[in-house]
Amino acid sequence: MENKVKQSSKNKEETLLNEDRKAFNKRLKRYASRISSGYTEESLEEERRNLCLSQGLSRRC
């Protein structure tokens, strides 16, 4: 009987953790899409170029 209670409790914990993980991933995806939606291809290319130049690499790294 005690094993069934422990297993049931463990299953509940796993279910709650999975639900939390799914909710977190959903929030993370929404946040990431908000961040990336503000950039154009031109601004991303300029940022890449500036990063390369700041590291002493060629413009097309």
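## Exercises on a two-helix chain

The chain exposes about 6000 Å², with 53% of that supplied by carbon and sulfur atoms; the areas come from the Shrake-Rupley method with a 1.4 Å probe, and for residues only the protein chains shown count as cover. This is a predicted model, where local features need pLDDT of at least 70 and side-chain atom pairs count only at pLDDT 80 or more, while totals for chains, interfaces and linings use all residues. Residues are numbered from 1 along each chain as its sequence is written, and side-chain values use heavy atoms, with hydrogens and water left out.

**Exercise 1.** Find out how many helices and strands the chain has, then check the span of α2.

*Solution.* Start with the count: two helices and zero strands. Helices are DSSP runs of H or I with at least four residues, strands are E runs of at least two, and numbering goes from the N terminus. Next, take the 14 residues of α2: at 1.5 Å a residue they should span 20 Å, and the end C-alpha atoms are 20 Å apart, so the two agree. (The expected span is 1.5 Å times one less than the number of residues.) Last, look past α2 to Gly 56, whose phi is positive, near 80 degrees.

**Exercise 2.** Work out which residue forms a salt bridge with Arg 48.

*Solution.* A salt bridge needs a side-chain nitrogen of Lys or Arg within 4 Å of a carboxyl oxygen of Asp or Glu. The structure holds one: Arg 48 pairs with Glu 45, their closest N and O atoms being 3.1 Å apart. Both sit in helix α2 (residues 41-54), three residues apart, about one turn of the helix. Now for accessibility: buried means under 20% relative accessible area, exposed over 50%, and partly exposed in between. Arg 48 has 41%, so it's partly exposed; Glu 45, with 26%, is partly exposed too.

**Exercise 3.** Decide whether Phe 24 is buried, partly exposed or exposed, and name the nonpolar patch that includes Phe 24.

*Solution.* First, place Phe 24 in helix α1. With a relative accessible area of 45%, Phe 24 is partly exposed. Then add Leu 28, Tyr 31, Ile 35 and Tyr 39: together with Phe 24 they make a nonpolar surface patch of about 530 Å². Patch residues have over 30% relative accessible area and no salt bridge; nonpolar side chains (Val, Leu, Ile, Met, Phe, Trp, Tyr) are joined within 5 Å, like charges within 9 Å.

How values were computed
Buried < 20%, exposed > 50% of the residue type's maximum accessible area, 1.4 Å probe, protein only.
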